[in-house]
Amino acid sequence: MDTKSLGNRIQQLREERGLTQEELATKTDISIKHISVLERGLKEPRLTTFLTIAEALDVTPNELLSAPTTESDYMSIISYKASQLSEEKQKSLLKIMNTLVEEL
């Protein structure tokens, strides 16, 4: 994976988790400027930085290196986002999803 693609993946995962660059910087103890440089693909992260970012985004290194292209990847993203909601909002989400599936 090239540095631009890796940067895009870091940004995508960060945004999926509802994190700002500042919040990711705090979680990883990496400067906001460096997070920005990595996300723009201007620099390749060192191995320790790469592993720290993967851990902070709660993904394996392999997941960080690959774009979500399989059904299980999409389901994993949906599951992760739903798990961040309260039980009440999860129930509402289930109702919405059931309605959408019936309409498709």
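Helices here are DSSP runs of H or I with at least four residues, strands are runs of E with at least two, and both are numbered from the N terminus. With that in hand I looked up Met75 and found it in helix H6, residues 71-83.

**Ground rules.** I am working on a predicted model, where local features need pLDDT of at least 70 and side-chain atom pairs count only at pLDDT 80 or more, while totals for chains, interfaces and linings use all residues. Residues are numbered from 1 along each chain as its sequence is written, and side-chain values use heavy atoms, with hydrogens and water left out.

**Overall layout.** I get seven helices and zero strands for the chain. Read from the N terminus, the order is α-α-α-α-α-α-α. Along the principal axes, the C-alpha atoms fill a box of roughly 45 × 25 × 20 Å. I noted that 30% of the 104 residues are buried (buried is under 20% relative accessible area, exposed over 50%, partly exposed in between, with a 1.4 Å probe and protein chains only).

**Helix H2 and its neighbours.** How do H2 and H4 cross? H2 (residues 21-28) and H4 (residues 47-56) have axes that come within 9 Å and cross at roughly 110 degrees. For the axes, lines are fitted to C-alpha atoms, for helices over the stretch in contact, and angles run from 0 to 180 degrees between N-to-C directions. H2 and H4 are therefore roughly perpendicular (that label covers 65 to 115 degrees; under 35 is roughly parallel, over 145 roughly antiparallel, the rest oblique). The crossing of H2 and H4 is right-handed, meaning that the near helix is turned clockwise from the far one by less than a right angle; anticlockwise would be left-handed.

I then checked H2 against H3 (residues 32-39): the axes are 9 Å apart and the packing angle is about 110 degrees. This pair, H2 and H3, also comes out as roughly perpendicular, and H2 passes H3 in a right-handed crossing.

**Salt bridges.** My cut-off is a side-chain nitrogen of Lys or Arg within 4 Å of a carboxyl oxygen of Asp or Glu. The count is four. Which residues are linked in a network? I found Arg14, Glu15 and Glu39 there. Glu39 and Arg14 have their closest N and O atoms 2.5 Å apart. That pair links distant parts of the chain, with Glu39 in helix H3 and Arg14 in helix H1, 25 residues apart. Glu15 also bridges to Arg14, at 3.9 Å between the closest N and O atoms.

Are these residues buried or exposed? I read Arg14 as buried, because its relative accessibility is 7%. Glu39 counts as buried too, at 4%. Glu15 has 46% and so is partly exposed.

In helix H7 (residues 87-103), Lys91 and Glu87 form a salt bridge at 3.7 Å, N to O. They are four residues apart, so about one helical turn separates them. Both Lys91 and Glu87 are exposed.

**Arg17.** I placed Arg17 in the loop between H1 (3-16) and H2. Arg17 is buried because its relative accessibility is 17%. The C-alpha atoms of Arg17 and Lys81 are 7.1 Å apart, with the two positions 64 residues apart along the chain.

**Back to Met75.** Met75 has a relative accessible area of 46%, so I logged it as partly exposed. Met75, Ile78 and Met97 make a nonpolar surface patch of about 250 Å². Patches take residues with over 30% relative accessible area and no salt bridge, joining like charges within 9 Å and nonpolar side chains (Val, Leu, Ile, Met, Phe, Trp, Tyr) within 5 Å. The areas come from the Shrake-Rupley method with a 1.4 Å probe, and for residues only the protein chains shown count as cover.
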